[in-house]
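User: I would like to go through the cysteines and the backbone of this protein. Could you take my questions one at a time?

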Amino acid sequence: MPRFSKPAVEDESGELIMPGAMDVVPGVNPGDPPIIERRSTFEWDNNDRALINVDELSVALSDDEEHQSEIGPSEQEESKPMTADNGSDNQETPADVEQGFNQQLPPPQRQTSGESQPSQSTEIPVVPINAPVVVASEQTGNRSSSLASEVFVCAKAPTVRATWIRAIIISSLVLVGMGMIILTQRRDKKDPELVAVVGTPATDSESFAPPTSELAYRSDLGLQPAVAKVVDGTNKLQPNWSSPYYQALYWILYEDPLQLTLEDDDEAAVQQRFLMSAFYFATSTAIRARRDLQGHDSSDVRQRPVRRSFWKHCGAPSMTVAQSSQSDMNATLNDNTPAQPCTHQELIQESPKKFRGQRSWRWLSATHECDWAGVECNEDDRVTSIVLADYGLNGRLIEELGFLESLETLSLPYNDNLVGEVPARLVGQVQVLELHHNQHDSLSLMDQGSQDSWLSNSPLQVLRMAGNKLSGSIFEELGQLSDLRVLSLEENSLTGTLPPVQWPRLNVLRLNQNRLSGSIPSSILSASPSLQILDLSRNAEMTGRIPSEIGTASPAMEYLRLAHCQFEGTLPIELYDLAQLVGIDLQGNNLQGTMATEIGQLIHLAELNLQNNHFEGNLPTQLGNLNKISDFRINGNDFEGDIPVEFCDLGIQDLPLAYSAKVVADCSQEDEDPVSSAYNPLHCPEGCCSTCCEKSTEKCTLNPFSILGIRSGGNTP
């Protein structure tokens, strides 16, 4: 394919033509008409159209998506169609050579058979004329109708073409980079949260360098040695943006709107604010980013981290001291900017979850830490409580929270991205530790590097870690918690047997839905006279008999839940001495025997679930004393006879019992033949049972008339 520095143009009819593509030469003999011949430097089709390879054209797309010229010489000289006057100009100019265009050479001498060649000394006038053009390309096909009128056929040597290709690639990369920078800046402006930085360690040039020169003096105030006293290990304060301790120190030095000093504030106040900010940085996800900041001195341009939080509520405000100039510094320190107030979501009910909104202040804001969301303090402004339920916290707890000497309650439930070990220092410091429904996998009960346990002198009273990933056996160590009142470790993967530990003040023991085995130690019951709730349900490998000590040693028992285990034998008669019992759930075991008449002593009983055991015999009339019953399930047993009418008359006013209580029994009478396997020997009087089941098939059917309070005849009382 030829390479020319002349443009293809459109004629009056709109056809694309190439000026100078054909030659007009004199006839062979004097007087012969001129001959129009194709230039040999072109390739031609059968219709006398010059073929141009579009891959060898330098073509750019304009905003209107038309193909236009991009070669350099056209910007300085206006390209003109080749005419008879200028088409034969074969002189090379310095400008053409500099721009890399091959000049048009005289047409090669032709040799035809049987004809002599003109003399070398004879000049033959050459008159180039236009020729129609067709664009040929394997990738693009025929595009002659869409090319613009300023397509240039470029003369590119291989090295020149490579230079142009490299220039285009470099320009494209620069444009892509600029676009990414612009998008990042726009995203930063839209993000209102400013919080923790994680990522690469800070360089030596960054270290503790202040973001502005006005704050440089703070590095000499002695704040770093003060906070180092409440950090285990000096390496934690080394410059490293992935460390919450370093982030907190940097914040205390340069970004804290209150700008504490040891002259105006005592050391404990500085340490407390540092620990609170370190906790915040440790439990917030962040994106590593940077931004240039400029102080009063135009030459003082420094870089500092830009931080973004993923807390659900009350994350850090969007403005810090380093972002504001000295002229508006006082406004930042003295006023609560619009970015600082927030709504603290207080959990008031867990199942289902309900929250109550309270006006509060963002963490890391221009207020005292005692005013931050979920934080409470005593009269000395020392933090006593941190309660942040379902706040989207993530990461790991820092053990240095144990240095908050007045901290009594740490409640962080339903933060399902809190992971890792629960530090021993926290277990040994607080009175209430609520971390249920998170992702903690272990509970540290020993001080690192020491054989001394934190538990012997621990004031811990409430430990709630249900719904985590705890495993193994930890009860031997927990037995040292002499003040423990609530132990809730359900829905984990704890294994082993219950050791004979003693918790004299224990009120609640919930270990259901684990993998425990063995029997119930009588010592746990006898040593816990205040035990009110015992739940060991869904530990499929727990076996043995229910200890008789349950009735004498735990007189305050209100709920006994031992469902879906492998307990066997009869119910101890002492069980009926628990006059405060409100709920008994023994379903899915291997218990047997009859229902004792002493059950009438449980006058506060509202729930009795004995289904799917091996109880038998008639039901005692003393069931009529259970005037608070609301859930009574005895299906899946071998009871027989009639359900006592005294029990069925416990309905509200004249309404049947099924109207006000859930009563489920094997009372289906689909087959009244005693020999039939579908025969149920237990009979439920009209209006007494809300659901009747067939024992052989375990199929249960609701009794809508009883539930609606309708007796036979369709009349309601």
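Analyst: The following turns cover disulfides, backbone geometry and strand pairing in what is a predicted model.

User: How many disulfides does the structure hold?

Analyst: The structure holds six disulfides. With bonded cysteines counted along the chain, their pattern is 1-2, 3-4, 5-8, 6-10, 7-9, 11-12.

User: Which cysteine is joined to Cys314?

Analyst: Cys314 is joined to Cys342, with an S to S distance of 2.1 Å. The torsion about their S-S bond is about 105°, so this disulfide is right-handed. Cys314 lies in the loop between strand S11 (301–305) and helix H6 (329–334), whereas Cys342 belongs to strand S12 (residues 341–350), so the bond ties together parts that are 28 residues apart in sequence.

User: Are Cys314 and Cys342 buried or exposed?

Analyst: Both Cys314 and Cys342 are buried.

User: And what is the handedness of the disulfide of Cys370 and Cys377?

Analyst: That disulfide is left-handed, because the torsion about its S-S bond is about -95°. The sulfur atoms of Cys370 and Cys377 are 2.0 Å apart.

User: Why does Cys370 count as buried, and why is Cys377 partly exposed?

Analyst: The cut-off for buried is under 20% relative accessible area, and partly exposed reaches from there up to 50%. Cys370 has 13%, so this residue is buried. Cys377 has 25% relative accessibility and therefore counts as partly exposed.

User: What about Cys693 and Cys700?

Analyst: Cys693 and Cys700 also form a disulfide, with their sulfur atoms 1.9 Å apart. The torsion of about 105° about the S-S bond makes this disulfide right-handed. Cys693 is buried at 1% relative accessibility, while Cys700 is partly exposed at 40%.

User: Changing topic to the backbone: which residues does a cis peptide bond join?

Analyst: A cis peptide bond joins Ser351 and Pro352, with omega about -5°. Pro352 lies in the loop between S12 and strand S13 (353–361). Strand S12 is also where Cys342 is found. In general, most peptide bonds are trans, and most residues other than glycine have a negative phi.

User: On that second point, what is the phi of Gln259?

Analyst: Gln259 is not a glycine, yet its phi is positive, at about 50°. Gln259 sits in the loop between helix H4 (244–255) and helix H5 (267–282), and with 13% relative accessibility this residue counts as buried.

User: And where is Tyr414?

Analyst: Tyr414 is in the loop between strand S17 (409–411) and strand S18 (417–422). Its phi is near 60°, again a positive value in a residue other than glycine. Tyr414 is buried, with a relative accessible area of 16%.

User: Now the strands. Which side chains of strand S28 are buried?

Analyst: In strand S28 (residues 541–544), Met542 and Gly544 point to one face and are buried. Glu541 and Thr543 point to the other face and are not buried. As a general rule, side chains in a regular strand alternate between the two faces of the sheet.

User: Does S28 run parallel or antiparallel to S26?

Analyst: Strand S26 (residues 515–518) and S28 run parallel and are joined by two bridges. Met542 of S28 is the bridge partner of Gly518.

User: What is the bridge partner of Thr543 in S30?

Analyst: The partner of Thr543 in S30 is Gln566. S28 and strand S30 (residues 566–569) pair in the parallel sense, over two bridges.

Terms used. Residues are numbered from 1 along each chain as its sequence is written. This is a predicted model: local features need pLDDT of at least 70, side-chain atom pairs count only at pLDDT 80 or more; totals for chains, interfaces and linings use all residues. Side-chain values use heavy atoms; hydrogens and water are left out. A disulfide is a pair of cysteine sulfur atoms within 2.5 Å. Helices (H or I, at least four residues) and strands (E, at least two) are DSSP runs, numbered from the N terminus. Buried means under 20% relative accessible area, exposed over 50%, partly exposed in between (1.4 Å probe, protein chains only). Two strands pair if DSSP finds at least two bridges between them.
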